[in-house]
Every structure is written in structure tokens, then in C-alpha cells.
Protein chains: 2
Amino acid sequence: MRIGELAQLTETTPRLLRYYEKQGLISPRRAANGYRDYDDYLVDRVLQIRGLLDSGLPTRIIKQILPCLGTPRTIHFADATPEMLATLESETERMTRRIECLTHNRDAIREYLGVVKSLSEPVREPVARVFEPSA
Amino acid sequence: MRIGELAQLTETTPRLLRYYEKQGLISPRRAANGYRDYDDYLVDRVLQIRGLLDSGLPTRIIKQILPCLGTPRTIHFADATPEMLATLESETERMTRRIECLTHNRDAIREYLGVVKSLSEPVREPVARVFEPSA
DNA sequence: CTGGACCTTGACACGTGTGTCAAGGATAAA
DNA sequence: TTTATCCTTGACACACGTGTCAAGGTCCAG
């Protein structure tokens, strides 16, 4: 498929797809006329990239972990240098820390929302109520 | 405490602490001489901010969710406008998506690392081995 | 009192991800 | 054939988080 279609399917823009390519995240073929030609599996790939970017990982890291994310699983031994493995290991640790942080804070927000709702729900008719701000 | 001490305790820099203040994330008192004076609880606060920033949340969002994160729990009804609550709700959803993305990809990397290790571990003596790159 | 360590504000600069625009080529439909 | 739509590359610009530096104030130890 061409760049516009992939952009629509992944809710991105052609601009970004070209940027990801320049960062080495995707490498589409070229048609005879010079147009980029994307395989179908790149839809998932791009969505994966978007998710990771949104989760705080820079393209430099995403580029390194992408070989681990293939489906079907293809192990690239050429990439598996000791330094590379160490990078991956430390990166999974950072990801774990991020997951913990996000989970903890999300749950705190949920609890907050739960309390606020439980206080406002019982009001069934337009009743005058005054909430004193705690500050 | 003063800015330098807080910076050390949170592994940041005075520069960043002033930046977070300008973004409205923290509001230290001022001593008579103009120096910022930070309460102890701000250590955790700053660590929280750092974690969220590293997880992809912008200061604009962090500022909005910080009131939910107080310990002990202090509900600020003044902040609980309907739009605010909607923002928080949609933000928890984004956080959930981030968590899922990070977890999924972290586990994929772990599996990859597991396979690579299981293939290289059995080598106990320096044996000549050739791994054909899959590319 | 002087030196050093710390604080203040303000400015300039950088990397990264993204938006937008210009100038031109490819292609398909009227 | 013209027109519209898509593609190409390249450039300029922006927001954001961060580093660094300058010029000066505060304070403590020697």
C-alpha cells in the first residue's frame, strides 16, 4: 500500500511515516515510480511504534527493540551482541519501572474519581450544595 | 530544604526543579533571603513527576492529575469541574493503553532474550560456533 | 574581610517529535 | 488534455524537556 493509506490506517500522517523511516524504524520498498510501498504487516508495526513513542521511548531505543518484536518470531543473531543484550535488559527494567509508575498513579486517580463520584451521585434533585475547597 | 538538596535527593538538577515550578507542578515557599524552601514531602512529589514525565506524560497533564495524588488523600472539590473529571477519566484510559503497550512489548523482549540465552548458555567451553544471521 | 559554595533570574541552545509549506513528478478520471 | 489527487524531497518552524552559562546576591568558614 502507499503512504497515504498507511497513514489513515494508523491514524498518523505521511510526514511521520517518512520520519520513522529516516530514523530506521521502517524500510518500505519503492515502486517503479519512486512511491513508497508498504507491506500490510507494517500497519501493526507502526501502531507499535506509536504506542512506544507515546510511552516515552525515543526512536533510538525503539529501533533497537524492534527486532525482538517480530511476528512470527525471528531471532536475529547478528543483532545479539553482548552490548545489545545488555541494552535490551536494562531497557526492559526501565519499562517495568514505567509500568509500575503508570499503574500506581492511574489507580490513585481512579480512587480519587471514585470518591468524587460517590459524593456527587446521591444528589438526585437540584439541591443547593456547597463544597468547601480544602485549600 | 533548599533547591540543591532536593535536586540531589531526587537525582535531578536545580534547573529542572525551577522548570517544574514554572509549569505549576510545585510551589515551594520562599525564605527571607529569597531562597526556595522545599517541604520534605516534595521529594516524593518530584520523584512522581519524574516518573510520569519519563512515562510520556507532559507537564500540562501531570499538573492536572497531581491533585489526585496527594498523601494523605485530600479531595479538592474546587478542582472537580465536570470537564476536569472528563479529562482525568480519559487520561486514565490513555495510561491504561500505555501500560498495556509497555507490558506487551516488554514481555516480547524478555521472551526474545530468553531464547537467545537458552541458545548461548549450553556453550561451556570456547567452542567455535557460527550463527547465521536470519537476514 | 575574603573566598568559596550556594542561591537568584534570565538568556541562549540543543534534541526530538511533529506540523506545514513549497516546488515538482505520477496517475487517474472528466 | 486538463484537473484533481496523490506522491516525492527539502526546508522552516514549533513545543517541550533539558543543559549551560552569565551576572549578581547570600551566607558561612577561615
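The following legends describe close-up views of a predicted model, centred on DNA strand C and on one helix of chain A.

**View 1. The protein surroundings of DNA strand C.** In this predicted model, DNA strand C is surrounded by 20 residues, and the closest of them are R15(A), Y19(A), T59(A), G4(B) and R36(B). The residues of this surface divide into 8 nonpolar, 5 polar and 7 charged. Of the strand's atoms within 4 Å of the protein, 66% belong to sugar or phosphate, while the rest belong to bases.

**View 2. Polar atoms beside the bases and phosphates of DNA strand C.** An N or O atom in the side chain of R15(A) is 2.8 Å from a base oxygen of the strand. A phosphate oxygen of DNA strand C lies 2.7 Å from a backbone N or O atom of T59(A), and a polar side-chain atom of R30(B) lies 3.0 Å from a phosphate oxygen of the strand. The elements that give two or more residues to the surface near DNA strand C are α2 (14-22) and α3 (42-54) of chain A, together with α1 (3-10) and α2 (14-22) of chain B. The largest share, 4 residues, comes from α2(A).

**View 3. The two sides of α2(A).** L17(A), Y20(A) and E21(A) are buried in this helix, and, seen down the axis of α2(A), its buried residues fall within an arc of 105°, so they line one face of the helix. On the other side of α2(A), R15(A) and K22(A) are exposed.

**View 4. What covers α2(A), and what follows the helix.** The cover over the buried residues of α2(A) includes α1 (3-10), β1 (29-30), β2 (36-37) and α3 of chain A. After α2(A) comes G24(A), whose phi is positive, near 85°.

Terms used
Residues numbered from 1 in each chain as written. Chains lettered and ligands numbered in written order. Predicted model: local features only at pLDDT ≥ 70, side-chain atom pairs only at ≥ 80, totals over all residues. Heavy atoms only, no water. Near = heavy atom within 4 Å. Polar contact = N/O pair within 3.5 Å; in protein donor to acceptor, adjacent residues only side chain to side chain. Nonpolar A, V, L, I, M, F, W, Y, C, P; charged D, E, K, R; others polar. Buried < 20%, exposed > 50% of the residue type's maximum accessible area, 1.4 Å probe, protein only. Arc of directions from axis to C-beta. Contact = heavy atoms within 4.5 Å.
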